[in-house]
Amino acid sequence: MADYLLEMKNIIKDFSGVKALDNVDLKIKRGEIHGLCGENGAGKSTLMNVLSGLYPYGSYQGENYYNGDLCRFKNIRDSEELGIVIIHQELALIPFLSVKENIFLGNEQAKHGVIDWDLTEKKTNQLLKKVGLKIDPNILAAQIGVGQQQLVEIAKAFSKSVQLLILDEPTAALNEEESENLLFLIKEFKNQGITSIIISHKLNEVVQIADRITILRDGKTIETLENQGISEEKIIKGMVGRDLTNRYPDRKLNIGKVYFEVKDWTVHHPINAEKIVNDHIDFSIKKGEIVGIAGLMGAGRTEFAMSLFGKSYGSGISGKVIKNNEEISLKNVHEAIKHGLAYVSEDRKTMGLNLLMDVRENTTIASLAKISHMGVLDKEKEIVVSEQFRKKMRIKTNNVFQNVGSLSGGNQQKVVLSKWLLTQPDVLFLDEPTRGIDVGAKYEIYTIIEEMAAAGKCICIISSELPEILGMCDRIYTMCEGKMTGEVLRENATQEILMNLMTNKEGVV
Amino acid sequence: MQNSESVQKQEIGEKNLKKNGSVKAKFTGVFSKYSMVIILLFLLVAFQFLTEGIFLRPLNITNLVLQNSHILVLAAGMLLVVLLGHVDLSVGSVMAFVGGISAILMVQMKISPFLAVPLCLLMGAFIGAWNGFWVAYVGIPAFIVTLAGLLMFRGLTQVVLGGTSIAPFPKIFQSLSSGYIPDFMGSGSLHMTSMLIGILLTAFLIWSQWQSRNRKKKNLFEVDSMNFFVFKSILIAVTIVGMTYVFASYEGYPIILVVLGVIVAAYAFLTNKTIVGRQIYATGGNRKAAELSGIKTKKITFWVFVNMGAMAALAGMILAARLNAATPQAGNSLELDAMAAVYFGGASTSGGIGTIMGAIVGGLVMGVLNNGMSIIGVGVDWQQAIKGLILLLAVVLDLYNKKKKMA
């Protein structure tokens, strides 16, 4: 009989009649790294919320055994006391508090209610060392990057003497290098006897690091695999319930002449006007072509797209934009949309969608003139139009009146794409179009992108995932520290070549 | 009120189009969405009982409308500000200031009300533009800009009025707040013109509902069953004709009620049916996403404050006309009443959620509480305390209902 740290047995959890978890079993061995895989909506987060006590005992059926004892957690505090700590996808640091204040938030090092700041700082330094972070404990959380914030969260977990560390999509917002560091750290923790559960869509990472992998699908446990030579395909098969032989759709090439061109594009930082964010960039897309921009975080890719899109970013912008052999002016977003540009932002929830509105309202918000006469909305037409997109995009809702806040990441992204397709653009910038989206939905998004290109639209994909860039794009630009450092055709491109260009700023376009 | 009723009915209709659940689900859905309306109805019945039948007498209902009209006008303007996630604390002071200016124009300079009223509305719009400029284009939080406005315009009111009241206003201006529409076919005790208007309005509402139902059917959308449609139509008819009868058995429709009706209809149309309305909701719900969708959020914010200024000016004149005097203390702390009405009507303090129906019902609940408690003889001190408590409880109940529905 193996030594299990955690056993969850026959967990059933339903939300007003819909079963989110249906007799799920999960067994975690002491000291292992356990991967938890499944599509969005498979029940991974729900299961972890049951474990942490966010859903209190009684709101679900089934039993949890931790260290062999039956646990009935009433709240998160109960589970944290036993050393179970979850680090959520959305980081929970308070931006205007310092690192040390964040780490000991709710666990202040105090005597009679008075905080001992020296002790706090000393302990913070020890914890930061443990997670390999060299920063000043007095710096504000807002001033450090996402990767470092992630590590601060982990340091916070260690301040609570963690035994079972649960990481929900820990590398979603990190670049390759930061991800590598984090994975290495998790292995280090294993050597120190800490058990980890890692939830991730990045299957290569799971395969690389996990000892065992449990796959969930539609609220059921499909299987638990020993990680000995498992292929990603095997996991994907378990997750989607069928073989997904091809992760990228076949391209029907239909590439025409150069249609959209940017010349000598320079952008300065919006607050610090001295700082150059985009440095004399030249860029072009042909009709029906999919162009990729690869680069590390901070390379200036998003800034490039947003500054083009009606000066939504930056100051002191200069350069020429030529579309269909005519120079066009893009002074604001309204003009950009009028000239057929569309920008799908990297952050759906804060920049792409209005979470208070339904599918219909989000679909039409950038094209209200198309569904109105003299400023008065034609609501019937609005329903018809948004319903067409719901069907075409296969957005999984019963009708267009469902609130977008309740949709999965993949479906939310489809709503954002619907919004921009309704504006009938010729040039689309897609910034991290599949971030946080599961494998099945990714394929659907890729298919939609491919269809748009086949219809003769110019497409630019900005992505941190090199396989995605290599799989989708006909031509790839690389950026590093605000400069274009390379341009590679798909047939000549490999991860190594791109990586070199992305880190070498001396290269020539 | 008639128009707001129709909006409510329309919303019920839309709701049923969306949800095709059981009768019970329908019932709980309607209850949680319209809990404020139900609270209002409960208060009406309770006060009718407690005041031994005085409360719902035609004279008192007419008074209720007259006494609260300026708050309802403010609430309508405030709704748009709150939808954007802002507040406007200056409206009480703006009311007093514009009221003072109107008195100077009409009483001291003897300018005709037909010229003075538009001038004062324009003045209010300029004050709104002042607030809106700082909020929208300079990016100073509305709380601070309008707090400054609150102090500034209260002070300026004292300056222009010289610390005293100015009275009396011309008769025709007073009738804005205390007049009734003339009875062209007058004979007997019942105000026939009002009755006729009420019946025509009912017919128009039912007809437009019928049109909308047919249009939906043609587009192959689900529509309510015929029985439900008939039930709804009867409800509309009973409510409107009933209320009209109450007014008609006193002096007929007050002029201010007609003004309110037009304002409510205009705001319902603006928020539900126009591009601008949709853009206001989008901006309040997620400003960044709205901007990236090509919405000119600064321009929208600016004009919403201009509109608020004009509505505050109108409210100020309504109050001055009813009191028949412009006083330095007029409208004191009414900005809070207006905001309470809007929040009470289900609006979110962070923007993006709220309806004109809600704001009006919220304002009416407060008015009913004031009026009802005064009739029973509750002292002003206790009135305030009770009002505060009931407001909190009502919002808690509303929140509870919404949570239950979500779970």
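**A serine at the A–B interface, and the cores behind it**

Hi everyone, let me begin with one side chain: that of A:Ser372, which reaches the backbone oxygen of A:Leu368 at 2.8 Å. Please keep in mind that this is a predicted model. The same side chain of A:Ser372 also reaches the backbone oxygen of A:Ala369, this time at 3.5 Å.

Where does A:Ser372 sit in chain A? Its place is in strand β19, which covers residues 372-373. And is A:Ser372 buried or exposed? The relative accessibility of A:Ser372 is 12%, and because buried means under 20%, this serine counts as buried.

Now for its company. If we leave aside neighbours within four places in sequence, A:Ser372 is in contact with A:Leu377, A:Asp378 and B:Ile275. That last partner belongs to the other chain, so to speak, and it takes us to the interface.

The contact between the two chains involves 36 residues from chain A and 29 from chain B. Together they bury about 2,500 Å², with carbon and sulfur atoms giving 62% of that area. Our B:Ile275 turns up again here: along with B:Arg278 and B:Leu292, B:Ile275 supplies 29% of the area that chain B buries against chain A, more than any other three residues.

B:Arg278 deserves a second look as well. It forms a salt bridge with A:Glu382, with the closest N and O atoms 2.6 Å apart. How many salt bridges are there between chain B and chain A? The count is two. There are also nine residue pairs in polar contact across this interface, both residues at pLDDT 80 or more.

Which helices of chain B supply at least two residues each to the side touching chain A? They are α1 (2-18), α9 (192-218), α11 (255-273), α12 (275-285) and α13 (287-292). The largest share, six residues, comes from α12(B). By character, the residues on that side of chain B divide into eleven nonpolar, ten polar and eight charged.

Finally, the interior. The largest nonpolar core has 187 residues, and the members touching the most others are A:Phe260, A:Phe283 and A:Phe429. Helix α4 of chain B, residues 58-83, gives the most to this core, with 16 residues. Not counting residues up to four places away in sequence, A:Phe260 touches A:Phe283 and A:Phe429, and its other partners include A:Leu308, A:Val321 and A:Leu341. Another core, of 32 residues, lies apart from the largest one; among its members are A:Val99, A:Val152, A:Phe158 and A:Leu165.

That's my tour, thanks for listening!

Key. Residues are numbered from 1 along each chain as its sequence is written. Chains are lettered from A and ligands numbered from 1 in the order in which they are written. This is a predicted model: local features need pLDDT of at least 70, side-chain atom pairs count only at pLDDT 80 or more; totals for chains, interfaces and linings use all residues. Side-chain values use heavy atoms; hydrogens and water are left out. Helices (H or I, at least four residues) and strands (E, at least two) are DSSP runs, numbered from the N terminus. Buried means under 20% relative accessible area, exposed over 50%, partly exposed in between (1.4 Å probe, protein chains only). A polar contact is a pair of N or O atoms within 3.5 Å; within protein, one must be able to donate a hydrogen and the other to accept it, and residues adjacent in sequence count only if both atoms are side-chain atoms. Contact means heavy atoms within 4.5 Å. Buried area is the accessible area (1.4 Å probe) that two parts lose on being put together, summed over both. A salt bridge is a side-chain nitrogen of Lys or Arg within 4 Å of a carboxyl oxygen of Asp or Glu. Ala, Val, Leu, Ile, Met, Phe, Trp, Tyr, Cys and Pro count as nonpolar, Asp, Glu, Lys and Arg as charged, and the others, Gly among them, as polar. A nonpolar core is a set of buried Ala, Val, Leu, Ile, Met, Phe, Trp, Tyr and Cys residues joined through side-chain atoms within 4.5 Å.
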